[in-house]
Number of protein chains: 2
Amino acid sequence: MNQWTGPATKTFATSSSLAETSYVPTEQTQKNIPTKKILVDPYRQGLIIEGGVGYRQTVVIRSHEVGPDKTATLESLLNLLQEAALNHVWMSGLLGDGFGATHGMIRNNLIWVVTKMQVQVDSYPIWGEIVEVDTWVGASGKNGMRHWDSTWVMMNRQTRRLSKMPEEVRDEITPWFIDKQAISSDVCTKIVKLDDKAKYINSDLKPKRSDLDMNHHVNNVKYVRWMLETIPDSFLDSHQLSSITLEYRRECGSTDLVQSFCEPDNEEHELHKHNDINILNGFSLTSKILDGHALFDASVKFPLRYTHLLQIEGEPKNEEIVRGQTTWKRKISKKPTIAH
Amino acid sequence: MNQWTGPATKTFATSSSLAETSYVPTEQTQKNIPTKKILVDPYRQGLIIEGGVGYRQTVVIRSHEVGPDKTATLESLLNLLQEAALNHVWMSGLLGDGFGATHGMIRNNLIWVVTKMQVQVDSYPIWGEIVEVDTWVGASGKNGMRHWDSTWVMMNRQTRRLSKMPEEVRDEITPWFIDKQAISSDVCTKIVKLDDKAKYINSDLKPKRSDLDMNHHVNNVKYVRWMLETIPDSFLDSHQLSSITLEYRRECGSTDLVQSFCEPDNEEHELHKHNDINILNGFSLTSKILDGHALFDASVKFPLRYTHLLQIEGEPKNEEIVRGQTTWKRKISKKPTIAH
């Protein structure tokens, strides 16, 4: 069944001699890429599911993937989703030596770019928790592909222009398509474009070396970090992100200067209710209590939301990188607060 | 053999319903921690080696763990080393619910802090490469513990003062000690303390939320990033880190402002030789050619080195966080340069 011959392993952390030369090659390429579909990958703990076209990977949340509250950060989850998507291509036998690009894409000098992503987190896994990451692909119009609820299209590596999907690439990937959605997308609201009248603004953000991915672009996770860091700390301390939607407009290079705009959708409403909530924390939260508090209940129905924009500071005009929208839940403290 | 009952797994990326409540608990604790020594952990791909006291974990380098050159970043490797060390404690059955703290440590309100770390990287694994991470512990004086070549001591969680190792903790961990070193430590040179006369200085560095670990401190990896970001980009583009030594002096909190000093040990020497090297790149690098170039050869014997210091900007005086020393190899380009 498993047509993949395991590559040789490399041990590190046991080096006991000095390096023999002071010169190292500047780029490395991945070896042992499967040339046929494989069903089980023991090293990545991955397997093909969904009648042969979906992919599931089992991962354990690592210590550095969690934040101060011991739950996985959104960034870690996004990284794991990306990893599973790439490993899905690996398992398919379609992977050329690129960032998830198929053989046909490489022949046509094409790379994947994400245009839209929507992630919803019902609960964050904790340190040491065992998690199954499922991923699958579906058609998105004529020229795109969906991974969970992200949409991918193709771009020419040289011209940086979006490209139609070549016939040979369509032939490669369509056998893998499933008609399934991770999030019931009744939320098709267009994200409004913010400008410099936004309530919170961080300017002169500069990508660092460690923010660049294999394609030498600022990685998606960095975008999310810039967005979230523009929200006031006091809000972040007391809330947890429950969903994020991203609409990508253009790439950001290593020398661009970036501005992050952020606008609360219903912040006044939120501040107004803060006192009621503190009192509630003194009790156990049963649905009975919830029902008894109309204001509280209202916030369940209308979760807190922020609108975001990252743009490149430029002359004569600024250029949009990505629009975003985030929704949030309020955290409850484990230590009951005494109401007074 | 395996006395560990696998915890329930959690699937994410398949959420299809909205969250039922808008309130989430503020802190989570790890469940299913083994209470007895276990020998095999199928989920983390870990096993006990070295006659029952060492630990080996097999990991695959993930896409987000590599940099633009497709090799794992130093930060990723440090994270993997930390993860293996913590999982080692997990396997031992000694883990309380803390950041690697044993039951005895928790009873005494103690946490681990690292005082010295030395990491040497002979070659960086690439994206998709399968790597075995070995870890073990040894005695370090009367009150410390070594993990590879890092030294750990105990600190009181409340007073933040270093503590002697209580008898009950010594009894817990000494059965796990091995007398083995990862790096032949003939390099016991003390790292000199830099001051504001250092050649490269980054000031007003401010920890971000995402830089804090489970103990609510700035994590070690962030320190390394601050150190490396102070080195000029032109150097980082053409060189790869081959070793790093860190001597920790005090903790850095989330509200501290940090300065990063960096001083090259032999930069003039380096710039002087740059032209010779470009010519050499036009040939394949055989030891014969190396032998024929005295200058080139000299740089092999005396690798490039930087000294680092991170300190908290404070009144009346600044306080040291960590001293560092890094050594570097020059990268060779895959594309031969024409000598002219």
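**Helix α1, both chains**

I started with helix α1 of chain A, residues 74–92, in this predicted model. I wanted to know whether its length fits its residue count. With 19 residues at 1.5 Å a residue, α1(A) should span 27 Å. I took the distance between its end C-alpha atoms and got 27 Å, so the two values agree.

Next I looked up burial along this helix. I found 18 of the 19 residues of α1(A) buried, so the helix is largely enclosed by the rest of the structure. Just past its end I checked the backbone. A:Gly93 follows α1(A) directly and has a positive phi of about 80°.

I repeated the check in chain B. α1(B) also has 19 residues, with an expected span of 27 Å. Its end C-alpha atoms lie 27 Å apart, which agrees. α1(B) is mostly covered, with 18 of 19 residues buried. B:Gly93, just after α1(B), takes a positive phi of about 80°.

**Chain A as a whole**

I then stepped back to chain A. I count eight helices and 16 strands there. The chain has 340 residues, and 54% of them count as buried. I also looked at sequence separation in the contacts. Among contacts in chain A with a separation of 6 or more, 75% are between residues 24 or more positions apart.

**Two buried strand residues**

I picked A:Thr326 for a closer look. It sits in strand β16 of chain A, residues 319–332. Is A:Thr326 buried or exposed? Its relative accessible area is 0%, so I logged it as buried.

I listed its contacts, leaving out residues up to four places away in sequence. A:Thr326 touches A:Leu228, A:Ile231, A:Leu241, A:Ser243 and A:Ile244. It also touches A:Leu304, A:Arg305, A:Tyr306 and A:His308. I took one C-alpha distance as well. A:Thr326 and A:Asp195 are 131 residues apart along the chain, and their C-alpha atoms are separated by 17 Å.

In chain B I looked up B:Ser242. It belongs to strand β13, residues 239–248. Its relative accessibility is 10%; the cut-off for buried is under 20%, so B:Ser242 counts as buried. Beyond residues up to four places away in sequence, B:Ser242 touches B:Val119, B:Gln120 and B:Val121. B:Thr327, B:Trp328 and B:Lys329 are also among its contacts.

**Cavities**

I searched the whole structure for cavities. Seven of 30 Å³ or more came up. The largest has a volume of about 210 Å³. Which residues lie nearest its centre? They are A:Tyr43, A:Gln45, A:Arg62, B:Gln45 and B:Arg62, out of 18 lining residues. Strand β5 (54–60) of chain A and β5 (54–60) of chain B are the elements that give two or more residues to this lining. I sorted the lining by class and got six nonpolar, six polar and six charged residues.

The second largest cavity holds about 120 Å³. It is lined by 12 residues. Closest to its centre are B:Val89, B:Leu94, B:Val137, B:Met145 and B:Ile173. Two elements of chain B give two or more residues to this lining: α1 (74–92) and β9 (144–147). This brought me back to α1(B), which supplies the largest share, three residues. By class, I found seven nonpolar, five polar and no charged residues.

**Aromatic pairs**

Last, I went through the aromatic rings. The search gave eight pairs over all chains. I looked at A:Tyr223 with A:Trp226. Their centres are 6.5 Å apart with 40° between the planes, a tilted pair. Both lie in helix α4 of chain A, residues 220–229, three residues apart, about one turn of the helix. An α-helix has 3.6 residues a turn, so residues three or four places apart point the same way. A:Tyr223 and A:Trp226 are both buried. Ring pairs also bring in A:Tyr248, making a cluster with A:Tyr223 and A:Trp226.

What arrangement do B:Phe235 and B:Tyr306 have? Their centres are 4.9 Å apart and their planes stand at 75°, so I logged the pair as edge-to-face. This pair links distant parts of the chain, with the two positions 71 residues apart in numbering. B:Phe235 is in helix α5 (residues 233–238) and B:Tyr306 in strand β15 (residues 304–312), both of chain B. Both rings belong to buried residues.

Methods. Residues numbered from 1 in each chain as written. Chains lettered and ligands numbered in written order. Predicted model: local features only at pLDDT ≥ 70, side-chain atom pairs only at ≥ 80, totals over all residues. Heavy atoms only, no water. 1 Å grid on protein atoms, 1.4 Å probe; cavity = no way out; pocket = protein on both sides within 12 Å on 5 of 7 lines; lining within 4 Å. Points joined across faces, edges and corners; volume = space filled by probe spheres on them. Helix = DSSP H or I, 4+ residues; strand = E, 2+ residues; numbered from the N terminus. Nonpolar A, V, L, I, M, F, W, Y, C, P; charged D, E, K, R; others polar. Buried < 20%, exposed > 50% of the residue type's maximum accessible area, 1.4 Å probe, protein only. Contact = heavy atoms within 4.5 Å. Expected span 1.5 Å × (residues − 1). Phe/Tyr/Trp six-rings, centres within 6.5 Å; stacked < 30°, edge-to-face > 60°.
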